[in-house]
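Thanks for coming, everyone. Let me put the structure up, and then we'll walk through it piece by piece.

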Amino acid sequence: MGVSLTAPHLLQAARGEVVDRPPVWMMRQAGRYMKAYRDLRDKYPSFRDRSEIPEVAIEVSLQPWKAFQPDGVILFSDIVTPLPGLGIDMDIAEGKGPIIHSPIRTQAQVDHLRPLDPESALPFIKTILQALRQEVGNQSTVLGFVGAPWTLAAYAVEGKGSKTYSIIKNMAFTDPAILHQLLSKLADAIAIYVRYQIDCGAQVVQMFDSWAGQLSPQDYDTFALPYQQRVFQQVKQTHPDTPLILLVSGSAGVLERMAQSGADIVTVDWSVDMAEARARLGKHIKVQGNLDPGVLFGSKEFIRDRILDTVRKAGNWGHILNLGHGVLPETPEENVAFFFETAKQLTALV
Ligand code: CP3
């Protein structure tokens, strides 16, 4: 492979440079829809082992790289991975997601949280990110990621995933002072963790505020946005050149607010037309997205048409082509391969 002196494609686009085609990667591109991942999961049944034993996490992160050569290679990990470092014990249960054994619900529990020291709590992250950079060189961009304060607080307080968020909303609407303290501590820990990921080699970092779309806009302004800003401001102070991406699931009603977070790039989901998202976000915000992950259950012709439609609507600047959320389990691997092949031939198509 030839040595390229220029920055990889995704990093260039994320910085706002004009590129010949939009870079492409997928959220959850490493995961259950891949046979190689399922085989490794049989060998390492614990999610924490798969994500915290460096050799295994490196192998999982590289599975989609080897299969599809995406423009972005994301660290295989989870948003709850740093929580034990704050004193919040957790597990990730098969088919269920994160489980917090002693949910955080009292002032005393919030007082007992420790500041995060990533060198001692998350040493495997350095090994994994360094190995990913070494492996992909200038052929792809290595992405780090974190969960946002509201979304991590939702897991910490509810104790698991929730459909209603009734426990954290009860806290938010009856005892907001405790929740604000928890959100502040989480924001400071997350900022430290983002900086650490960048120092270890992450070239772009995405923050997932997956469950902030469950808040009404006025509550988003109180419990989600100020803490997204707190993380991004702290990171920008020390690492101003690393592009930062924000994702909120079900974000149609808060898209303009996401642009106030300090993120450089806003992920758009498929509930919003990409051309309308561009108009709503304005000229300075770059976008990522926004195909319905379900499109990958369609025919090849349909997938190709939707890629072209999205790319035309996003325009030729500041767009990272992606799904609007993660690849779904059961997605045919050949359709994922077709998505990447089509996207990478785009200069010839548009
Ligand atoms: O994108 C990637 O390839 C990187 C890996 C990644 C994982 N989780 C691995 C994982 C990323 C970026 C995440 C982020 C994450 N984790 C989010 C934000 C993204 C989103 O979905 O909005 C959230 C909310 C979590 C919490 C979490 N972890 C959930 C909801 C689940 C799924 C539960 C289920 O089984 O459906 C997990 C487990 C998890 N994390 C899986 C993967 C691939 C699935 C379990 C497995 O395949 O072993």
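**Helix H15 and what follows**

Start with helix H15, residues 333-344. This helix has 12 residues and spans 17 Å from first C-alpha to last, close to the 16 Å expected at 1.5 Å a residue. Before going on, keep in mind that this is a predicted model.

Which residues of H15 are buried? They are Asn335, Val336, Phe338, Phe339, Phe340, Thr342 and Ala343. Here is the background for reading that list. An α-helix has 3.6 residues a turn, so residues three or four places apart point the same way.

Just ahead of H15, look at Glu330. Glu330 sits in the loop between strand S9 (319-323) and H15. Its phi is positive, about 80 degrees, although Glu330 is not a glycine. Is Glu330 buried or exposed? Its relative accessibility is 69%, so Glu330 counts as exposed; the cut-off for exposed is over 50%.

There is another one of these. Arg28 also has a positive phi, about 55 degrees, and is not a glycine. Arg28 lies in the loop between helix H1 (9-15) and H2. Arg28 counts as exposed because its relative accessibility is 57%. Why point these out? Most residues other than glycine have a negative phi, and most peptide bonds are trans.

That brings me to a peptide bond. From Gly289 to Asn290 the bond is cis, with omega near -5 degrees. Asn290 belongs to strand S8.

Now the strands. Take S4, residues 141-147. How many of its seven residues are buried? Seven of the seven, so S4 is largely enclosed by the rest of the structure. Both faces are covered. On one side are Thr141, Leu143, Phe145 and Gly147. On the other are Val142, Gly144 and Val146.

S4 has two partners to show you. Strand S1, residues 72-74, pairs with S4 in the parallel sense over three bridges. There, Gly72 stands opposite Thr141. Strand S5, residues 204-208, runs parallel to S4 and is joined to it by five bridges. Gly147 has Phe208 of S5 as its bridge partner.

Next, S7, residues 265-268. Ile265 and Thr267 point one way, Val266 and Val268 the other, and all are buried. Strand S6, residues 244-247, runs parallel to S7, with two bridges joining them. Ile245 has Ile265 of S7 as its bridge partner. S8, residues 286-291, also pairs with S7 in the parallel sense, over four bridges. Here Val266 is matched with Val287. What do S7, helix H13 (residues 274-281) and S8 make together? They make a right-handed β-α-β unit.

On to the open spaces. The largest pocket holds about 1200 Å³ of space. Its lining has 40 residues. Nearest the centre are Arg28, Arg32, Phe47, Asp78 and Gly97. You have met Arg28 already, as the exposed residue at 57%. Which elements give two or more residues to this lining? Helices H2 (35-43) and H3 (47-52), plus strands S2 (90-93) and S3 (97-100). By class, the lining has 23 nonpolar, 10 polar and seven charged residues.

The second largest pocket has a volume of about 210 Å³. It is lined by 15 residues. Val19, Arg21, Pro22, Gly315 and Asn316 lie nearest its centre. Its lining divides into seven nonpolar, four polar and four charged residues.

Last, the closed space. The structure holds one cavity of 30 Å³ or more. The largest cavity has a volume of about 50 Å³. Which residues line it? Pro82, Leu83, Leu86, Leu116, Leu152, Leu186, Ala189, Ile190 and Tyr193. Helix H10, residues 176-200, gives the largest share of that lining, four residues. How does the lining divide by class? Nine nonpolar, no polar and no charged residues.

To recap: S4 is buried at seven of seven residues. S7 and S8 flank H13 in sequence within a right-handed β-α-β unit. The largest pocket, at about 1200 Å³, is the one to look at on screen. Happy to take questions.

Conventions:
Residues numbered from 1 in each chain as written. Predicted model: local features only at pLDDT ≥ 70, side-chain atom pairs only at ≥ 80, totals over all residues. Heavy atoms only, no water. 1 Å grid on protein atoms, 1.4 Å probe; cavity = no way out; pocket = protein on both sides within 12 Å on 5 of 7 lines; lining within 4 Å. Points joined across faces, edges and corners; volume = space filled by probe spheres on them. Nonpolar A, V, L, I, M, F, W, Y, C, P; charged D, E, K, R; others polar. Buried < 20%, exposed > 50% of the residue type's maximum accessible area, 1.4 Å probe, protein only. Pairing = 2+ DSSP bridges. Right-handed = clockwise from strand over helix to strand, strands pointing away. Expected span 1.5 Å × (residues − 1).
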